[in-house]
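Reader: I should like to go through the reasoning behind the disulfide assignments. Please set each value against its criterion.

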Amino acid sequence: MLRALRWFLVLTVIGIGIIEGKAAYDRRPQDFPWTAFDLDQPTGRFTAAKIAALGEEPRQCRALLAAAGVRDRAAPARRAGPTCGFADGMFILPGGARDSRLSPAGIVTSCPIASALLLWDRRTLQPAAAKLLGSPVAAILHAGSYNCRRINGAEAGAWSEHATADAIDVLGFRLADGRTVSIARDWRGSGREARFLHEVRDGGCGLFTTVLSPDYNAAHRDHLHLDTADRGPVGWNACR
């Protein structure tokens, strides 16, 4: 009798867990690693990992961007030894009329970086700029993506995500009214520009697997490093 009661309690707990799990999935499917990824899907716990995984599916990645209104042109393959280069780089061309441009133009990135930038722009940059600065972001000012080097330019150690165009360094933003917001100049303090920069840094943490800011170290005092390092379907994110 006691054994039967124990089994009844165990099965009851399992049943409740299944019901609660299904309810959670129905509410926020984006928070589960096995949910198919779509650029129209709300940001969830595994969004950054799913974007990074698109590096293994370049055709699917480009199809998702095309469906979201982003035009691109394939970049010639580039190889610099066994650790540097890319086979599926892309020139990002202007997307929708409300999307920010990249300045300087003509940058080559991986498709995952382009996907994360699109969502970052639409879901974080533009809402934060409207709320705090009263003008939309017209351009994302950057210092490039592909660079065949190790992390921090060291002579030894792990290779940077820049070495495969899976990273971009953002210097600031140009607003539609002509103002610029610079990470080097405006990060510190409590003004609207600093609040905007911190908000967009935090918003990027759910889309890029790595976000490094001036709060991380002196090497990032003038830019945000954003990358899509693929750390697996339940990999960790770095946000500093």
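Author: A disulfide is taken to be a pair of cysteine sulfur atoms within 2.5 Å. The model discussed here is predicted.

Reader: How do you know that Cys205 and Cys239 form a disulfide?

Author: The S to S distance of Cys205 and Cys239 is 1.7 Å. The cut-off is 2.5 Å, so a pair within that distance counts as a disulfide.

Reader: Why is the disulfide of Cys205 and Cys239 called right-handed or left-handed?

Author: The torsion about the S-S bond of Cys205 and Cys239 is about 55°, and the disulfide is therefore right-handed. The bond links distant parts of the chain: Cys205 lies in the loop between α6 (192–204) and β10 (210–212), while Cys239 belongs to strand β12 (residues 238–239), 34 residues apart.

Reader: What makes Cys205 buried or exposed?

Author: Cys205 has a relative accessible area of 15%. Buried means under 20%, so Cys205 is buried. For Cys239 the relative accessibility is 38%. Partly exposed covers the range between 20% and 50%, and Cys239 therefore counts as partly exposed.

Reader: What makes Cys84 and Cys148 a disulfide, and where in the chain does each lie?

Author: A disulfide joins Cys84 to Cys148, with an S to S distance of 2.0 Å, and the limit is 2.5 Å. This pair also links distant parts of the chain, 64 residues apart: Cys84 is in strand β3 (residues 84–86), and Cys148 is in the loop between β7 (137–142) and β8 (167–175). With a torsion of about 85° about the S-S bond of Cys84 and Cys148, the disulfide is right-handed.

Reader: Are Cys84 and Cys148 buried or partly exposed?

Author: Cys84 has 0% relative accessibility and so counts as buried. Cys148, with a relative accessible area of 34%, is partly exposed.

Reader: Why is the disulfide of Cys61 and Cys111 called left-handed or right-handed?

Author: Its torsion about the S-S bond is about -100°, so the disulfide of Cys61 and Cys111 is left-handed. The pair links distant parts of the chain, with Cys61 in helix α3 (residues 58–67) and Cys111 in helix α4 (residues 111–132), 50 residues apart. The S to S distance of Cys61 and Cys111 is 2.1 Å, and both residues are buried.

Reader: How many disulfides does a search of the whole structure find, and what pattern do they follow?

Author: The search finds 3 disulfides. With bonded cysteines counted along the chain, the pattern is 1-3, 2-4, 5-6.

Key
Residues numbered from 1 in each chain as written. Predicted model: local features only at pLDDT ≥ 70, side-chain atom pairs only at ≥ 80, totals over all residues. Heavy atoms only, no water. Helix = DSSP H or I, 4+ residues; strand = E, 2+ residues; numbered from the N terminus. Buried < 20%, exposed > 50% of the residue type's maximum accessible area, 1.4 Å probe, protein only.
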